[in-house]
Every structure is written in C-alpha cells, then in structure tokens.
Amino acid sequence: MTLSHHIRPVFSPVFGITGTIAVAALLAVGGALPAAAQSSAPANVPAAQPAAKRTPLLIEGKTSLYQRILTRPGATLAAQPGTAGSRALPPMSVLFVYGRQDVGERVFLEVGADSEGRTLGWIDGKDAVPWRHTLVLAFTNPANRDRVLFFRDRPGLLGLLQSDNLLVQAETWRRQIAASTLPPEAPVISIEPETFIDLQKQFYLLPILEANSTVLPSGFRTRTVKIASVTKDAAAQVSAPAQRGNPEDDLAKFRSAIVFVIDASSSMQDNIERTREAVDTVYREIEAAKLGDRARFGMIGYRDDPAKTKGLEYLVRVFADPNKTAGKAAFMEQVSSLHASTVSTRAFAEDAYAGLDQAIRAIDWKGFGGRYVILITDASAREGNSPLASTGMSTDQLRQLAQANNMAIYVMHLKSQEGRHDHQTARAQYERLTQFPGVGALYFPVEDGDPEELKRQVQQLSAQLVGQVRNAGKPPKAEEAPPAPAGDRLAEATEAVGRAMRLAYLGSVQGTKAPPMFEAWASDRDFRRPDVAAFSVRVLLTKNQLSDLQTTLRRVVDAGERGQIAPDDFFNQLRSAAVAMGRDPTRIAQGKTRNLEDVGLMGEYLEGLPYQSRIMSIDPDGWARMGVGEQQAIIDDVKSKIALYQRFHDDVDRWVKLDDGAGAGDSVYPVPIDNLP
C-alpha cells in the first residue's frame, strides 16, 4: 500500500475557534505499531528486546483481557522508569502494558507491541490513555440532524438529557458557540464540525474510552460515550481558524455524477429508450445553464453470465463513464449501443448487484461531490446466497459499500404485470438497499411499469440533481431541519440527500486545527430525533487482521457446510471470531477465538462492549431455538460478508497508513461493526 494520509485534527474547541472544522486524527487499533501477531516494531520504534516469557497485566477484574493503552502526542520511550525518553513514539500507537512503577508522583508504564512477552521500554503514564476494546466511532452526516455537543463530564451530559428543556438549552449552547459567547461555566466544551468529514480524504476516528446506557424521558434509550481524539502532529496546538476558501466559492466548484444502472434483459427496451430521452432533455438544460462539466451522466447495463446463457454478450458493461462524457453528444453516442437482450436470462430475478458493484468500483468518483447511482429494473435482485449471483454480496452489503463511498442509490422499480408475483420481494429488498441515513428509502415504484411514467421520474430526478449543482453557491447549514414534506416524496428526499452531499463536499475542502488531545462525553443519538444515530461504530482493522478474519470465517463456514463441525461448535466459532474483533483482533491470527465459549471466556469478552454486531448478541440457547431457515440466513450473511471483505481489501483508496514507517500489512480500514459476523 503506497497511499499515505496526513491526519488532521477533528474538533474545534469553543475557545475562540469558529467556523467549519476539519478532521482530526484519532486513536485507532493497529495504527502505528504492527498487529500483535507480528514480532517487529516500525522503523521509528526501537527494536523489542528479548525477554523471558511474560504476559501483559490483566484488566482489573478480568482473567484473560490484557491492559492496553493508546499513546498521546509527544510520548517517548525510555530504557528505565523515571529516565528521559530517548525515542519518540508515533501518536495513536497501541501498546500492551507489562508493568507499572511509581517514581515520585509520576506513574511509568512498561509497554510492548504485542502480548508475546517482547517489551519495548517505559513511557510516562501521562502520555497514555487506557483502552479496553477496539471499537471506535465516526460521525454520520449531520445534514439531517443537529450537530453533536461535547461535554466536560458525564453528569453535565446527563443533566441535559434528563431536562424537560433539552432542545431549547442545546440550541442556546450551539448559538453561543457560534458567537464565541459560551460561558466558561457551561458544561459544554465543544461541538461537532459543521460539515461532514470524509474518512477517505481526511482520516479520523473516535475511540470509545467509556460507555453507559441511559433512558431519556421520552422512553428512547441512548448511550453516553466518552471519546478521545489525537492529532498525528504532536506539535499541533489550538489555533485560529485555518485559511480556507469561501464556502460559496467552494460550492461553485461542486460537481455531480449521475450513473444509471439499467436492467438490459429482454423486457426492458422501451424503458431504455425512455431513459435516454429523459437524459437528452436534461442535458439540454445543462447546456442552456452553461454548467460546463459540473453535471455528468453515466450508464451501465447488466444482463446475465454469458458463459451460462448463449447470446447474452455480457454480464455487465459500462456504456458511458461520467468522466468521459463531457456533453450531450458524447453521452448519447456512447449509450446508443445499449439495447435489451433478445435472449431470456436464467430466472426472473436479475443480477442487479453485479451492475451496482461495477458502478461503485469501476467508476472513478474522486472528482464528484454529488454521487448518485440510479437502478432501473422490473425485477428483484439476486441475493448473495443465490447460485446465480456473481458478486456473492447481499442487499445490506451493497448498501454499506455504497455508503462507505459516499454514494446514494436510487431504485426505480417498474411494477409490470408480468412481474406481479415478484413485486413484494423486490420492494422489500430495494427499500433496504436504498436506505440513506437520516432520509429513508430512495425507492420509487413505477406503477404498471409505464415507460412514460419512468421517463417523467427520471427527468424529474435528473433535473433536480442538476439544479442542485446550479444552485450550489450557498452553503447549507447542518443544524437546519430538512424541508417539510410537500407531497412530492421524490423531490423532498432528493433535496435532503443533496444537502448531505454538499456538506460532505464542503467538509472535504475546508479545515482548521484542534488541540493534540481531546476527551469529552457525548450522546450517540440526535437530541431532536433520538431514532437517528449521531455516530457509526467502526472497528479499525489492519490489512493483516482483515485477511485473518476472512480466512478464519471462510474455514469455519466451509467446515460447517461439510458437516465437519457440530452446529453448536459452528456457532461458537463464528461468535468468538466476531467478539474477538471487538476486543482484540490479534486473537484471530493466534487461533484462540475458537475456545472462548468452551473455556468460559465469552461472557468476559462481551461484558463492557458498548456495541455489538448481530451474532455477538445471540447466545447459544437463542441459536439452538432458531429454525433451520433462520440459521441458514445467518450463515448466508456471513458468506456475503466474506465477499465484502475482499471488496475492502481491493479498495486501495480507503486504506490508510497511520505511520509512514509501517508496512503495507499495517495499513488500516474502518470496518463498520455491522460488517462483522
């Protein structure tokens, strides 16, 4: 991996800093030091000294969980406790604690890069943050919720959460922060960036130091989380806002790409023609508005595996790449050869996810702030467990892959009479596929499969997206609620999605500095809409750890399907793998995850985890009570995640090197917790 991301700060404390806030570096698992299964430290850390077999200190009250810490900026490594450090440690290093020693009023920690007994030296305790698991948070897009407030301590946060005046008081603090008039005695000390932060361009994550659950007066349950951030630059200090472009000027450069993914099976010719006609009309508006290349269109067709059915020509084909369609003439010429197949495919459900996967991976989206994929089909899609599916990925995996790349997927479902028995399946599937955070499903049925109605919807949607580009000269405000519904769901949803896209774009081009270390308490839910998450939960995995997880799961699933392990053992191995990723991913490589249930460690590993993946939350009794169909659904889900891990592995742009001296295997990827087994 050659890509190196320079990490910037995340938060803007309220002490004199206002405006849009750029990204910070955060503490993360496996960052500056290699995975525990490896034996060498990076180039800028002294080589570990051979030592007698030792084990790290245990977390208090635990019998198998070791103490680990995260290094603050400026941490140095010394040969003996109390002496001056001779070598600097990279911020965000994850180290195991082997010993503690008091020197006067200071505490020093003996640390090692792994749990195999190889120690590195001693660091001052003030340069370390205890970390009990490997889960981290990332902001969701703030376009359709209020910005998160950060509190000095948990009592201050709880006081607000239990207040009858919650929304009014929170809004008062936000206004005071914006005006730099927040009283020094206020429990609030910071606020979330105004614009969305793209992990791909400005890498950051928020390690969870503590977490508790509380019930709001409304009856909703929320978690209060203590989080930390740290900049990679140890010399970073609180500063005035960084010089950056005017938001209006930045948004004047906002570009959108709209890629149609069209079912090109035998029943779709009229719909292909109407889609072309609609885009032709919209292109005329683009040219009349003199938008140049700020709005581009692309088109992908999909059929079926030509090796299985003669005459189909292709499974997926990119007819028009938005990077290569500078105007109407170029686009229309490139899509003129797209037509419906004269040969029937192997089933009514089509391989739509092959087309979507191609749109996500084959198109270079870097130059576009607005990223829209519009699926047009008259059939449901083949799920990953179908023997006819080429991707092996499920609906949920495709949605997560699109969201990880800041894309919105729309589906225009032609409800033709021929497909009436498939309509319910398709709707349920596509409503899940198109869920956009804070907006809902971007699923729009076309009754009776009417080609003219499809043309109207395509033209309306395309024109609205182009209009957003034309009007993107005024920065949206994250704290504003989306417009009230006016009866046109397509227009309302698209406006909300567009606001999110513009916030993401602004966040990618603007920035400011923050303190090198920041710790605070926050609620993981929006105050105004507690059903909306303010954060997404991630596990930052090294390339080696992700490979180990994929290999382990594939072996477990293969063995289970061959009947080589009993159903109970199969479940225990899957759950142990998932839990280990939340606690200590290196245990996967060490082969210790298989015994967590048998040796009675599962409860200890689960205890204190603030968030859990689906299989973590199922106990052995619950698994045994499931029917064969329910169990098979979980197995299929795990298999589709194995396929998704390969997509993560191949997604070169999103792997991050936290330490320039680390090897490619120590690059990290922020894997959503829902992508664990």
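The expected span of a helix is 1.5 Å times one less than its number of residues. I'm starting my notebook with that rule, and I'm keeping in mind that this is a predicted model.

**Entry 1: does α4 have the right length?**
I looked up helix α4, residues 269-288, which has 20 residues. By the rule, α4 should span 28 Å. I found its end C-alpha atoms 29 Å apart, so the two values agree. Just past the helix I noted lysine 290, with a positive phi near 55 degrees.

**Entry 2: the whole protein**
I stepped back to see what α4 sits in. I counted 16 helices and 24 strands in the protein. It has 677 residues, and 58% of them count as buried. I also checked contacts between residues at least 6 apart in sequence: 77% of these join residues at least 24 apart.

**Entry 3: the buried side of α4**
Which residues of α4 are buried? My list has Asn271, Ile272, Arg274, Thr275, Arg276, Ala278, Val279, Asp280, Val282, Tyr283 and Ile286. Then I asked what these buried residues pack against. The strands I found are β14 (256-263), β15 (295-302), β17 (370-377) and β18 (408-415). The helices are α5 (328-335) and α9 (451-470).

**Entry 4: α4 against α9**
I picked α9 for a proper look. The axes of α4 and α9 come within 8 Å and cross at roughly 30 degrees. Angles under 35 degrees count as roughly parallel, so α4 is roughly parallel to α9. I wrote the crossing down as right-handed. On the α4 side, the contact includes Asp270, Asn271, Arg274, Ala278, Val282 and Ile286. On the α9 side, I noted Pro451, Leu454, Lys455, Val458 and Val466 among the residues involved. Sorting the residues of this contact gave me eight nonpolar, five polar and six charged.

**Entry 5: α7 against α16**
I tried another helix pair: α7 (residues 395-404) and α16 (residues 628-650). How do their axes cross? They come within 9 Å and cross at roughly 25 degrees. That makes α7 roughly parallel to α16. I put this crossing down as right-handed. From α7, the contact uses Gln397, Gln400 and Leu401. From α16, it uses Asp637, Ser640, Lys641, Leu644, Arg647 and Phe648. The residues of this contact split into three nonpolar, three polar and three charged.

Terms used: Residues numbered from 1 in each chain as written. Predicted model: local features only at pLDDT ≥ 70, side-chain atom pairs only at ≥ 80, totals over all residues. Heavy atoms only, no water. Helix = DSSP H or I, 4+ residues; strand = E, 2+ residues; numbered from the N terminus. Buried < 20%, exposed > 50% of the residue type's maximum accessible area, 1.4 Å probe, protein only. Contact = heavy atoms within 4.5 Å. Axes fitted to C-alpha atoms, helices over the stretch in contact; angles between N-to-C directions. Parallel < 35°, antiparallel > 145°, perpendicular 65-115°, else oblique. Left-handed = near helix turned anticlockwise from the far one by under 90°. Nonpolar A, V, L, I, M, F, W, Y, C, P; charged D, E, K, R; others polar.
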